[in-house]
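Please open the structure in your viewer and keep the selection panel within reach. The tour goes from one selection to the next, and at each stop it describes what is there.

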Amino acid sequence: MRGSALGGRRPSGGPLDGRVPGGPGRPRSGLLRSRVLRVAAALGGAVFVLWAAATLTFFGLRLIPGDPAQAVLGGPGSQASAEALAAVRSEYGFDQPIWMQYLRYLGRLVTGDLGSSYSQRQSVASIIGSQIGGTLLLAVLALTVAWLLALGLAVWSTRGGRLAAAVGSGLEIVAAAVPHFWLATVLVLVFSTTLRWFPAVSTDGPAGLVLPVLTLALPLAGFLGQVMRESVLDALEAPFVLSARARGESEAGVRWRHVLRHGALPGIALSGWAFGWLISGAVVVETIFARPGLGRTLLNAVQLRDVPLVIGVVLVVAVGYVVMTLLTDVVSRIADPRLAASRPSRSSRPSSSRPASAEGVRA
Amino acid sequence: GPSDTPATPVAGGTLTYATGFGEPTCLDPHVGGNMPQALVGTNVLESLFSQDETGAIVPWLAESGVAADDGLSWDVTLRDGIAFTDGTPMDAEAVKANVEHMKDPETASSTAILALGKVSSVDVVSPTVARFVLSEPDSALLESLAQTWLAMESPAGLERGMEANCEAPIGTGPFVFSEWVKQDHVTLTRNDDWTSAPAGATHEGPAYLDTIEWRFIPDPATRFAALQSGEVDAIDEMQPDNVVAATADGSGLDVLTGALPGASIRLELNSGYAPFDDELVRKAFIAAADVNPGIQSLFFGTVERSYSVLSSSTPFGASFEDDYAIDADKANQLLDEAGWMSRDSEGYRTKDGERLTVDFPVSTNQSIPAEVSLFEQIQATTKAVGFDVELHPMDLSSWYAALGSWDFDLTSAIYTKNSPDVLRILYDSENIIPAPSGYHPNNAHVSIPELDDAVTAAGQTTDPDERAALYEKAQELLADGAYVLPLYDHLQKIGYGDRVQGLSLLPTLQIPYFGDTWVSE
Amino acid sequence: MSGTVGDSTGGSTGDAIGDSIGGSAGEELLRVEELLRVEELRVGFGGRGARRGPAVVDGVSFTLRAGRSLAIVGESGSGKSVTARSLVGLAGAGAWTSASALEVVGASVLGPVGADGIARGLSAAAWRKLRGRAIGLVVQDALVSLDPLRPIGREIGDALRLHTPLSAAERRARVLSLLESVGMPDPASRVHQRSGELSGGLRQRALIASALAASPRLLIADEPTTALDSTVQAQILALLEGVRDAGTGLLFISHDLAVVSRIADDVLVMRAGRVVESGPVAQVLGDPRHEYTKALLRAVPTGVPRGVALSARPAPPAPPDPAVSGAPTGASSSDPVLEVTGVSKRFGDRLAVDDVSLSLPAGTTLGLVGESGSGKTTLARIALGLAAPDTGAVRLDGLPWAPGPERDRRSRRPLVGAVYQDALSSFDPRMTVRQILADALRGASAPRPVDELLDDVGLSPSLAGARPLELSGGQRQRVSIARALAPSPRVIVLDEPVSALDVSIQAQILDLLDRLQREHGVAYLFISHDLGVVQHMSDTLAVMKDGRVLEQGRASAVFDNPAHPYTQALLAAAPRIGPR
Amino acid sequence: MSLPPVSTVAAVATAARRGRRMLGPAQWVAVAVLVLLLLAAVAPAVLAPGDPFAIAPVDAFLSPRWGHPLGTDESGRDIYTRVVHGAGTSLVIGVAATAIGISLALVLGLAAALGGRVVDFGVNRLLEVLFAFPGLLLALLVITVYGPGIVTSTIAVGLATAPGYARIIRAQARSVATSPYVEAAVVLGRSRGRILVQHILPNAVLPVFVLVTLGVGQAIVWAAALSYLGLGAEPPAAEWGAMLYAGKNYLATAWWLTFFPGLAIVLAAAATTVLGRALQKRGAR
Ligand SMILES: Nc1ncnc2c1ncn2[C@@H]1O[C@H](COP(=O)(O)OP(=O)(O)OP(=O)(O)O)[C@@H](O)[C@H]1O
Ligand SMILES: Nc1ncnc2c1ncn2[C@@H]1O[C@H](COP(=O)(O)OP(=O)(O)OP(=O)(O)O)[C@@H](O)[C@H]1O
Ligand SMILES: [Mg+2]
Ligand SMILES: [Mg+2]
Ligand code: NI
């Protein structure tokens with residue numbers, strides 16, 4: 001009994017029954033209004049996230065023992081005089097109650113002023129400005145490479161054949177289990193120290209980027225690959241693939257024209273998450289490969305108790321995450337009209353093909 | 001290694017140097033004052049004096065320094081005709097401006113301000129004579145002035161304000177700061193008008209190198225890999241196994257070694273608090289902490305065990321090998337004697353139900369990995385007699401915080417200073433009292449009036465014999481009281497590839513000196 | 001050669017293609033040409049050589065000529081789809097195929113035959129030449145058979161790209177004309193839409209257009225109307241008839257005898273992989289020989305009067321003419337047990353239920369029909385007190401029921417039961433049948449043993465330990481009914497209770513419901529989109545469209561004399577078994 | 001840092017529905033690895049009778065050989081013994097961190113799913129914020145505030161992974177809460193509390209145990225990352241990440257110091273993942 005028991009002869013509801021909000025028949029003005037509302041809600045949410053991230057960091061860093069004035073005066077172990085400390089305290093307002101400091105900080109933040117770094121005697125904005133490029137380059141390249149690797153492996157290893165499938169999913173699981181710091185050292189040992197193909201110290205030149213990008217991309221590809229493989233397998237079993245084959249489409253055509261897109265969908269949906277993951281990874285990778293970047297800045301700033309710099313980096317990362325999430329949302333909706341169609345409301349209806357949304361869990 | 005056949009120096013080329021000391025937050029060593037600043041600054045900013053291999057003071061920007069009979073003032077005569085790279089003359093006015101800059105609380109100097117603690121002002125006697133007026137005699141003044149942290153900077157440059165001066169301080173040296181890409185590199189370019197080579201330089205006149213690219217590679221393995229692959233020409237802070245690899249035949253690399261002046265690498269036992277407030281316990285610990293086999297294996301024979309608190313490159317060091325003999329039976333006996341008689345289920349000694357715990361905060365920033373491994377071995381060997389040494393690796397801020405609040409029993413701290421006066425800084429009871437920031441150099445909590453007197457007197461006299469006697473006395477007191485466990489010299493190890501020629505260490509602080517360096521193709 | 005196929009789709013065909021397939025036969029010849037010849041087709045899955053898996057299609061033979069339509073009917077799993085897919089070499093992964101003859105448009109597609117007697121099939125490339133070009137296949141799940149990520153224009157154009165030398169611009173033009181020919185409104189804007197943006201009927205049209213794009217001589221349509229509303233179904237059938245009449249051979253697969261009787265010339269009845277009966281449609285459906293065919297026909301509820309068992313035996317011959325009107329059963333005009341008055345419910349800017357009033361007398365069945373999205377389920381949920389109406393009220397047994405807090409309803413919950421289309425998902429997956437029923441019995445006024453309940457719905461007590469997942473669809477629905485029955489309710493709301501079931505299982509369930517009503521005097525609110533089922537089950541009937549009840553009254557009255565034009569159209573569209 | 005996101009889990013569930021064989025060779029290997037790990041954790045002395053802390057400076061840096069199958073480290077300690085004895089620490093960290101993360105996530109996720117619109121809104125915003133916060137930073141902050149060590153790094157990893165789990169649990173609980181069988185229970189007249197206890201909690205929470213299995217591997221990896229930054233286990237603990245941290249300096253000369261602990265991490269993480277997925281397949285229909 002295939003089909004009849006579970007799916008039903010007459011599947012109803014879900015994306016299948018042709019009732020598409022925003023489709024023909026829906027008034028345009030309502031559509032526009034809902035779109036405006038959605039954008040407004042997204043922006044409001046983003047602002048909230050930024051505020052909360054800044055607030056959390058601000059108070060979180062206050063929990064750390066140690067005198068912020070000291071961080072200003074040459075950092076740990078400084079032998080700054082009492083006068084110097086007092087001067088700094090009043091200059092930076094450390095002598096005021098914490099909530100006053102918080103409000104002051106927030107006030108400046110609203111005007112776009114991130115303050116100036118305690119340890120680097122430079123405006124936080126300019127430090128971030130000089131560091132962000134490298135990290136973004138790294139993150140974007142790693143994401144792209146991870147994507148291509150994952151998709152390539154998913155598509156290749158689902159060609160049929162148990163061996164390919166086993167190798168494919170095995171590689172993915174192992175890749176996802178590899179700690180990137182270990183991977184980095186192994187890659188350096190093999191490709192830099194032994195083979196001397198790529199430099200151990202990363203530069204923005206193509207050769208210098210290979211190892212750090214691989215370090216970040218391989219584990220990520222493992223995660224993405226696991227999801228993409230399922231999506232590819234789903235697509236391969238989907239009736240539309242049968243339909244395409246019945247049309248005379250070749251195996252390559254099926255993969256290229258149909259399966260690939262479906263495999264890519266969860267990759268798109270996960271890019272926001274992947275971005276956060278990459279930033280965490282950048283902390284380690286930038287240290288090992290001696291690359292300038294936000295990750296290393298963050299690690300140093302935390303260790304030096306450089307509060308403005310930490311908050312600055314956190315904010316930038318949060319903005320990046322928010323932008324990335326909005327972007328993936330938009331791209332996902334463009335790539336997959338089913339997402340736009342599926343109502344976020346409750347649905348007790350069974351549906352035989354659910355879009356790869358990041359929300360739907362059936363365990 | 002590099003060929004020993006003397007080659008003719010060639011001008012031009014770039015040398016890439018990768019440091020593991022970290023990136024300065026400000027290139028002006030007056031501000032704060034730490035090793036990273038001194039390293040990158042020495043080839044740009046020059047000092048009034050320098051030192052030779054024996055530690056003797058030799059002139060540099062100054063021709064001479066003469067103390068008044070009462071020791072309360074020093075007349076420093078400057079070399080004529082030297083100018084900063086911005087054209088400002090390097091004269092007595094400049095010296096005065098520099099000292100005032102270092103002593104200004106706004107500058108937030110920590111190293112220079114300590115060194116100038118006894119200097120109350122500088123008088124301009126003539127354009128070439130600056131008079132340092134002191135509040136009390138200071139035999140270490142010229143040594144202090146030889147340090148890069150007290151280097152001379154263009155007064156015009158200082159006036160630009162801290163932010164600008166931090167970016168590119170202006171000196172008289174063979175190179176100038178031309179670019180600083182944060183977290184990546186600092187570029188030094190040649191000063192074609194340079195005339196002030198230090199004593200011991202092999203040539204006069206401009207340096208050979210066009211540029212030095214000064215990079216920051218914190219990870220030691222990466223740093224060495226970069227040296228091996230030729231991405232960089234020279235690195236510092238080499239790991240012991242890398243030193244072995246680099247000195248091996250056919251490696252294409254060589255290593256330049258020098259002992260950093262000041263205190264040796266040592267463990268300080270916090271005698272201010274239990275359990276090390278009991279001399280018996282301190283002695284037991286030192287009798288049990290077997291470090292020699294570890295130093296051998298962890299450092300592959302690249303360092304030697306030291307029995308002196310002072311570095312071998314610092315004059316007046318005294319060795320008391322017998323005080324550090326390993327004897328587990330003696331250690332056990334001492335502990336019994338001290339009342340730590342029972343042992344708990346894990347074999348640690350207890351007294352009144354309390355375990356014999358020794359808190360050991362370790363700065364992952366100051367202690368290299370091999371050192372941390374050595375500490376682990378100390379932990380293991382002292383465990384045999386019942387010590388529970390707890391290692392706490394910490395970042396620099398937390399470590400200073402732990403030290404500042406005396407929240408430790410054992411620690412290892414670096415102190416680099418080109419003078420035996422380091423003994424006063426580290427062990428004078430006055431330095432138990434923390435600075436406003438909480439920093440106190442006397443981590444062992446040593447409070448011995450005799451020792452205080454000895455180091456103070458030694459700091460005031462200029463008679464070498466008298467100084468030697470006083471410093472030996474101080475060191476003997478430290479050894480007898482088991483306040484410190486000296487381990488080995490703090491070595492500066494510069495690895496470099498064979499295209500680098502004429503590299504040397506400036507003896508003052510054992511900092512690589514590039515005035516004579518060239519690269520062959 | 002003239003565009004035989006092209007005519008059917010109203011566009012201009014690429015003649016070159018037709019030539020290369022059919023040779024240079026004349027039109028007359030072509031009409032009778034044998035497009036398909038299948039002899040002793042056997043297909044199975046898994047295994048190799050001697051240890052190959054059992055055949056799921058076992059000795060099927062038939063031929064199909066141009067301009068004719070052959071229907072394959074049979075219950076779920078009888079091998080209809082596998083047969084169809086084997087004809088294009090797409091039986092499925094791990095499938096083996098053997099046949100004594102398998103010819104498509106005059107050429108054998110068996111390929112080399114191995115030592116084990118199993119045909120290796122054509123090479124992949126050779127198959128690709130046939131697929132889409134000689135045979136168009138409309139695969140079974142029409143609603144998900146177009147790539148949801150690609151515009152339908154591309155999907156349709158693919159067949160042209162693969163099989164014609166047309167340029168991109170020519171392909172675009174051809175796609176438009178194809179869409180127009182399958183009756184797609186406003187093709188120019190539709191080509192850019194993706195399948196998710198189309199209704200089920202439009203998707204099916206697009207899918208048919210893509211199968212017809214390269215002008216194949218043979219079209220296989222696998223259950224092309226199953227998921228569609230009856231009005232839409234009628235349109236699609238008309239479209240397929242047009243295609244056939246234009247000279248294309250049509251292999252039509254369905255489980256619905258009524259649909260088959262309308263479109264097929266010949267019919268093949270399959271059961272468990274074998275053909276049990278075949279012949280001209282009038283003969284097979286009008287005068288079935290095989291017991292299985294008879295049972296199938298008997299199970300069709302359309303026109304079978306209220307109270308007449310569908311699965312009972314011995315069977316009366318299937319009524320050739322469904323003019324018999326349903327006779328009302330007993331327990332007719334008592335007080336309404338469920339009363340819905342002026343109920344409306346809005347979701348966003350869509351009025352799902354619009355001022356509906358219904359009344360369900362005790363012990364009777366109120367049938368609710370309407371096409372997809374007309375608000376049936378929403379109304380059912382309101383009646384069950386699961387959704388609060390925006391306006392209006394529901395009374396149960398004369399007392400207020402909804403709206404109101406759930407707390408107030410709880411004590412009277414045993415009075416109402418519910419049965420859903422998807423029985424499986426209505427069971428907690430962790431519970432066994434016994435646990436489910438025991439739990440349902442807990443609140444009952446007159447508790448009974450679980451076994452008795454099982455017996456009541458015709459299930460063996462041995463199934464009590466099973467989990468719902470391990471049951472068949474019909475068994476699950478019985479458990480669901482047993483659960484609804486457990487607290488001895490006065491009303492059971494049944495939302496499409498048989499839509500997911502095969503016709504013979506459906507017959508058993510309908511008979512069961514009928515019996516239970518007689519024995520327990522329970523009233524049914526019976527929801528279905530299937531007119532035949534509703535007609536068979538209902539005493540009174542309500543017809544819904546766009547949230548409104550257009551017409552309600554005694555079932556027989558509504559069926560005999562539909563007042564509202566929509567009801568008339570609905571009745572007209574419903575296929576019936578009988579001569580075309 | 002965070003665990004694989006919701007859709008990985010969702011996708012794995014899809015794989016489950018596909019109904020492949022549950023225990024293939026890969027799964028058996030995973031089971032074998034985990035059994036060994038568990039044995040190593042419970043009774044390390046059975047597998048490695050030596051003392052993981054016994055130093056022998058003369059035997060430092062021995063390459064793998066008879067007597068020291070995985071070589072010795074910089075203090076002459078036997079790496080095999082340390083890897084075996086480290087299994088317990090690493091597993092405890094992994095399990096404890098995951099347990100912390102999931103307990104927190106259960107509270108948040110269930111509150112969001114079942115606690116009405118306002119709570120749901122609040123929790124969702126909170127989760128968004130935590131997601132926008134790099135997980136490693138969260139861990140760094142926790143560690144700088146409370147000092148490095150196994151306990152703090154375990155808590156840090158737990159905290160950093162909680163938002164991810166919370167999302168999954170919320171989605172799971174919501175889908176259960178709105179499922180037809182819960183509706184069927186309402187129709188049967190069951191009270192909210194009873195439905196919660198009888199249907200929602202078991203069905204929403206049971207699959208979470210599979211998540212634990214999937215999460216343990218990642219928690220081990222992230223805890224090791226913290227150790228690698230010098231923020232995790234304190235010496236001389238035989239924790240794998242800390243062993244990597246100590247050994248990384250000798251990479252060029254003594255690869256075995258880093259290779260084997262790293263391999264142990266990869267094996268443990270991969271094995272738990274494989275097993276978690278197998279369990280998930282079984283749990284799903
Ligand atoms: N790819 C496959 N692998 C294994 N078995 C299959 C496969 N496809 C179909 N079957 C089996 O073959 C038998 C016939 O299936 P088929 O799909 O032809 O039935 P059907 O008559 O089309 O049923 P329905 O009316 O439900 O579509 C079923 O028992 C089914 O389980
Ligand atoms: N929870 C909901 N949120 C928003 N809209 C809904 C919801 N439930 C139903 N609708 C809309 O209300 C309308 C009526 O839906 P309903 O499910 O009652 O129809 P139906 O007649 O049962 O259809 P079908 O035959 O497909 O089951 C549809 O347009 C549907 O999209
Ligand atoms: Mg079928
Ligand atoms: Mg419905
Ligand atoms: Ni994370």
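Begin in chain A with Arg255(A), which is buried, its relative accessible area being 6%. Keep in mind, as you look around, that this is a predicted model. Add Glu251(A) to the selection: the two residues form a salt bridge in which the closest N and O atoms are 3.5 Å apart. Both belong to helix H10 (residues 251-269) of chain A, and because they are four residues apart there, about one helical turn separates them. Glu251(A), in contrast to its buried partner, counts as partly exposed at 30% relative accessibility.

Move next to chain C and select Arg244(C) together with Asp245(C), which form a salt bridge with their closest N and O atoms 3.1 Å apart. Which member of this pair is buried, and which is partly exposed? Arg244(C) is buried, with a relative accessible area of 6%, while Asp245(C) is partly exposed, at 48%.

Now select Asp451(C) and Arg434(C), whose salt bridge brings the closest N and O atoms to 3.8 Å. Asp451(C) sits in helix H17 (residues 450-456) of chain C and Arg434(C) in helix H16 of chain C, so this pair ties together parts that are 17 residues apart in sequence. Asp451(C) is partly exposed at 34% relative accessible area, and Arg434(C) is likewise partly exposed, at 39%. For a wider view, select Arg247(A), Glu249(A), Arg257(A), Arg150(C), Glu155(C), Asp158(C) and Arg161(C), which salt bridges with shared partners join into one network. Over all chains, the structure holds 57 salt bridges.

Colour chain C by secondary structure, and 22 helices and 21 strands appear. Of its 580 residues, 59% are buried, and among the contacts in chain C with a separation of 6 or more, 67% are between residues 24 or more positions apart.

Within chain C, pick out helix H9 (residues 200-212), whose 13 residues reach 18 Å from the first C-alpha to the last, close to the 18 Å expected at 1.5 Å a residue. Since 13 of the 13 residues of H9(C) are buried, the helix is largely enclosed by the rest of the structure. Then go to helix H19 (residues 503-520) of chain C and select Asp514(C), which is buried with a relative accessible area of 4%. Apart from its neighbours within four places in sequence, Asp514(C) is in contact with Arg306(C), Gly307(C) and Val308(C).

The next stop is the interface between chain C and chain D, to which chain C brings 25 residues and chain D 18 residues. The area buried between these chains is about 1,900 Å², with carbon and sulfur atoms giving 56% of it. Highlight Arg410(C), Arg430(C) and Asp439(C), which supply 26% of the area that chain C buries against chain D, more than any other three residues. Asp439(C) also meets Arg190(D) through their side chains in a salt bridge (3.5 Å, N to O), and there are three salt bridges between chain C and chain D. Nine residue pairs are in polar contact across this interface, both residues being at pLDDT 80 or more. On the chain C side, the elements that give two or more residues are helix H15 (406-410), strand S17 (416-419) and helix H16 (433-441), and S17(C) gives the most, with three residues. The residues on this side divide into 12 nonpolar, four polar and nine charged.

Finish in chain B, starting with Ala62(B) in strand S4 (residues 62-67), which is buried at a relative accessible area of 0%. Leu48(B) is 14 residues away in sequence from Ala62(B), yet their C-alpha atoms are 4.8 Å apart in space. Leaving aside neighbours within four places in sequence, the contacts of Ala62(B) include Leu48(B), Phe49(B), Val76(B) and Thr77(B).

Last, select helix H16 (residues 464-480) of chain B, whose 17 residues should span 24 Å at 1.5 Å a residue, in agreement with the 24 Å between its end C-alpha atoms. Its buried residues, among them Arg467(B), Leu470(B) and Tyr471(B), pack against helix H4 (141-145), helix H14 (422-427), helix H15 (449-460) and strand S20 (484-488) of chain B. Just after H16(B), look for Ala482(B), which takes a positive phi of about 55 degrees.

Notes: Residues numbered from 1 in each chain as written. Chains lettered and ligands numbered in written order. Predicted model: local features only at pLDDT ≥ 70, side-chain atom pairs only at ≥ 80, totals over all residues. Heavy atoms only, no water. Contact = heavy atoms within 4.5 Å. Buried area = accessible area lost by both parts, 1.4 Å probe. Salt bridge = Lys/Arg side-chain N within 4 Å of Asp/Glu carboxyl O. Polar contact = N/O pair within 3.5 Å; in protein donor to acceptor, adjacent residues only side chain to side chain. Nonpolar A, V, L, I, M, F, W, Y, C, P; charged D, E, K, R; others polar. Expected span 1.5 Å × (residues − 1). Buried < 20%, exposed > 50% of the residue type's maximum accessible area, 1.4 Å probe, protein only.
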